[in-house]
Amino acid sequence: MIRSRLFRKTLVFIVLLFGLMANASALFSGWLLYNKLGEEYTSKAVAIARSVAHSDIELIAKRDAAFIQSKIDEYLDLEGVSYVLVTDAEGEVLAHTFIPVIPDAVRSVVEQYQQEEGLHEDPTVVRLALASGDVTHVGVPVLGGAGGYVHIGMDRSIIMGYIMSAVWKQQGITMVVFLVAVIIALFFIRSISQPLSLLTEYAGRVARHDFSGAVPIRTNDEVGELAEAMQTMSHDLATLVDNLEASVADKTQELRETVGYISAIIGNIAEGLLVVDTEGYVARSNVALERLFGCRAGELEGRSLERAFFFPVDGEDGEDRVETNRPLVELLQQTLRDSGSTLLSPVELECCDREGNCFPAELSVVRFEREGMATIICLLRDVTERRRTHDLMLQANEHLEQKVAERTRELSRMNSQLMVENAERRGVEMALRRTEERYRSIFENAIEGIFQTTPEGRCINANPALARILGFDSPQQVMAEVQDVGREIYLDGQDRGAFLETINRDGRVVNFEFRARRRDANVIWVVTNARMVADKDGRVLYYEGFLEDMTLRKEAQERLEHQAYHDPLTGLPNRMLFQDHLAMALSRQQRRPMYAFAVLYLDLDRFKVINDSLGHAVGDELLVHVAAKLRECVRDVDTVARFGGDEFGVLLEEIAAPREAVRVARRIGETLGIPVTIEGHEVFTSASVGIVLKTGGYVNPQEVLRDADTAMYRAKELGKSRFKVFNQRMHEEVLRLMALETELRKAVERSDFEVNYQPIIDLESQRICGFEALVRWHHESLGEISPSEFIPLAEDSGLILEIGDFVLEEAVRNILRWNTMEIAERGTPLFVCINISGRQFMQPDFAGHVESRIREWNINTQSLRFEITESVLMQHMSVAVDTVGRLRALGVQMCIDDFGTGYSSLSYLQRLPVDTIKIDRSFIAQLGSDREGRSIVRSVLTLGDSLGLEVVAEGVEHPSQESLLQEMACRYVQGFLYSPGLSREAVDALLSMENPLAYLKMSQETDDFKVASGL
């Protein structure tokens, strides 16, 4: 738009320049010529059409189409006439000069004329574009349209021919002048349009209330001054607009609130409201007024007073009306005619509703003028009940006067009786005085505080006990100084409100507890029992009751509650309070989706060792120290709790990200890792921490603590002194272990286990010298379950004792049978190695139990060997030495399993009366590729030889390993190179062969024991 306006300026400038050059603008001259010729052709067409219409009226009226056609053909010889068409009054074409048919554009114009209503004499001129060229179409009515229409089209192409010849002659001169003017205009426009465009753009932003930015115009002319002034004005406008919008918003809100208040008041007042304007029409009425007169909602508004209150006799639209409310209408009309503002005193008159029911009404009318317009407002109320009440009062007054007269006569008769009763009353008063003295004694000497207070809270009576409880010197001081019990005695004003609400509702208060403020500003707990005393009319006179100091009892109760929810040693919240806080955190998370928290479950590592070695006192001090350090590692909003023993819980609330919980766990680990000196002992401790971060799917706190505990135990399994974040896989693994434990118990009950036997080879004699008993469990639906999976579970659940007895009994029964076979007669009896778990080994009198079973089985103890892991022996050294000694005294040989993987020392090995050590398979696996592994194996073999112990190499799987062990003078080996664990039946078949070891080697080469053995 800016460029268009500037371009028009340029055109004006060029036109002015052309005006200085006489007759230089051929276009302007041609335009004048075109319009002039067009007007002449239009006048010519109108004249021809009127000539046809006036001269041939009779022909058109007679509808002589042939004669009319011959007449209009003559007009085609006139210059410029393109066509002639004649229609009758109904629009039917009588004659025309078109070949072959009438064009659609002409027919449309003819039909449009026909649709016009009424007679008219004025011609109609329309410009049409036909296939033959542009024409001026003129339509003239015949006799105002009653006789028909004559239509003539004038060809405008002749006009264009005249004009084009003149234009082409002047085109050359005009073009030269125009180009010069354009070049000059371009430089002129550029100097003006650029700053004006910027100024216009800035003005547009200001018009859209965008006052940011500035006008980049720095010229020293009027445009620059205008830009600077506009920028200053826009800044002022921005301030004014902001202030105006804020003011308008405030006033609009105030107006809405005011209108709402007024509408609510008008709609809800009990009196009828009537507003009459200066013309005597009802401007507004409320629901109460419409209800009084039996009208529908909004029926009265907009009607005159007569039509509003003179109700029709026959229906809503009847003209006959009953003037029953004439006094009301005349009063309102008279008030409307009076000048000035007027407030009439209430007037009573009779009114009637639509049904004809009359009622007395009281009117309050006010008239006021504004700008010369008078308005009256009337409040009308039904006083039927008031009149009825007044009549009843008159009747009651008359009845009362009769009663007074009768009562006077009765009083005169009773006067004599009163004199007799007077003597009796004196005796009663003496008895009452004595009773009052007893009551006063009780009142003064009661240990509970007794009080009487007004409903406003002023103390009007008190006993010494009340003064003592509240810290006053005397009851008189209480009554003088306590003017408002709620403000001066009650510590919390809400307690006073609850007391008043209860006593006003029920008439009494029982065991109401609240905190009271003594005169010395100390706060005490009191309990009160009170009742309300009212007169016969139900008005409250005062409250009276008892007050008892229960501060000591309340403090004892609070101490008990604190002990119930806190740990007595550390002062931390206990598990119960921690679960309450955790339940509230879960509730907050449901209400606020963005709320996040985390739970940490801690267990101190090696606390039992510290407690047992240094004593419980040191252990308690360590727990107190850990509690203090945990408080330092968290915020005030977080909760630290002790669950019992050495287990702690931490609730981290309002965390922004999961990494905050991990950061706190690391901080706790670093803090607890610092040694502390307790009673002269430097104590080191650490903690295993389980963390629950994703808390969205939990419902109750027990589930969160369960998963945190699961994560903590996983951290302990991974090596202690670390943290582990809970994931769903842990929970699924726990559930699987629980299910597996259930199945394991069932398997123990049904003895669903099988004992396999792996041969132990004597390389020196190239024979089988014994077997290691290996327990196996094949579940009917879960399949083969690895011992590494169910043996630890059996140890944790205590089922390992039953499983151990089962393996021991099976192994002993089979070794007895194998040693009785003929093969046993060819050499030294076979032996069986039975693995003993730590739980079995540490059972009280394990050696006595084995002794009783040996006697029961009547077995040669040389055929029985027990394998104990190195870690079990080292953890319970004192007990292990005694138990191993008793077993060896029975003839049972002892073997240390997995030797080299624990932390035993040579001194311990020398103290233990063992017979055999087994080199762990991890060292045997490194023989072929690791020089250090070979050195360790050689050292163990040398150690066993020097101590007189047999050494067995476990896990021999390759011939190269066998060769190296033979070079190192290792006599006993076992492993998959020879055989896996074999069933009892397979061992029976093996021992029945001539050379069992050869068959074992052949079976490993063919990978099929049955093929090799021929079974």
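Biologist: In which sense do β19 and strand β21 pair, and over how many bridges?

Modeller: Strands of a sheet pair through backbone hydrogen bonds, and the pairing is either parallel or antiparallel. In this predicted model, β19 and strand β21 (residues 647–653) pair in the antiparallel sense, over seven bridges. One of the pairs can be followed by eye, since Y601 has G649 of β21 as its bridge partner.

Biologist: What stands opposite Y601 in β24?

Modeller: In β24 the residue opposite Y601 is G690. Strand β24 (residues 686–692) and β19 also pair in the antiparallel sense over seven bridges, so that pairing can be traced in the structure alongside the one with β21, which likewise has seven bridges.

Biologist: How many of the residues of strand β19 are buried?

Modeller: A residue counts as buried when its relative accessible area is under 20%. For strand β19 (residues 597–605), nine of the nine residues are buried, and the strand is therefore largely enclosed by the rest of the structure.

Biologist: Where do I find the edge strands of the open sheet of five strands?

Modeller: An edge strand is one that pairs on one side only, and here this holds for β15 (459–462) and β16 (508–517). Reading across the open sheet, the order is β15-β14-β18-β17-β16, with antiparallel pairing, and the twist from one strand to the next averages 30 degrees. At the β16 edge, β16 and strand β17 (residues 523–534) pair over eight bridges in the antiparallel sense, and A516 has I524 of β17 as its bridge partner.

Biologist: Which strands does helix α15 lie across?

Modeller: Helix α15 (residues 493–506) lies across β16, β17 and β18 (540–549), and runs at about 165 degrees to β16. Helix α16 (residues 551–565) also lies across β16, β17 and β18, running at about 125 degrees to β17.

Biologist: At roughly what angle do the axes of helix α17 and helix α21 cross?

Modeller: Angles of 65 to 115 degrees count as roughly perpendicular. The axes of helix α17 (residues 575–591) and helix α21 (residues 701–717) cross at roughly 110 degrees and come within 9 Å, and the two helices are therefore roughly perpendicular to each other. On the α17 side the contact is made by R575, F578, Q579, L582, A583 and L586, while α21 contributes P701, Q702, V704 and L705.

Biologist: Which classes of residue make up the contact of α17 with α21?

Modeller: Sorted by class, the contact of α17 with α21 has seven nonpolar, two polar and one charged residues.

Technical notes
Residues numbered from 1 in each chain as written. Predicted model: local features only at pLDDT ≥ 70, side-chain atom pairs only at ≥ 80, totals over all residues. Heavy atoms only, no water. Buried < 20%, exposed > 50% of the residue type's maximum accessible area, 1.4 Å probe, protein only. Helix = DSSP H or I, 4+ residues; strand = E, 2+ residues; numbered from the N terminus. Pairing = 2+ DSSP bridges. Axes fitted to C-alpha atoms, helices over the stretch in contact; angles between N-to-C directions. Parallel < 35°, antiparallel > 145°, perpendicular 65-115°, else oblique. Contact = heavy atoms within 4.5 Å. Nonpolar A, V, L, I, M, F, W, Y, C, P; charged D, E, K, R; others polar.
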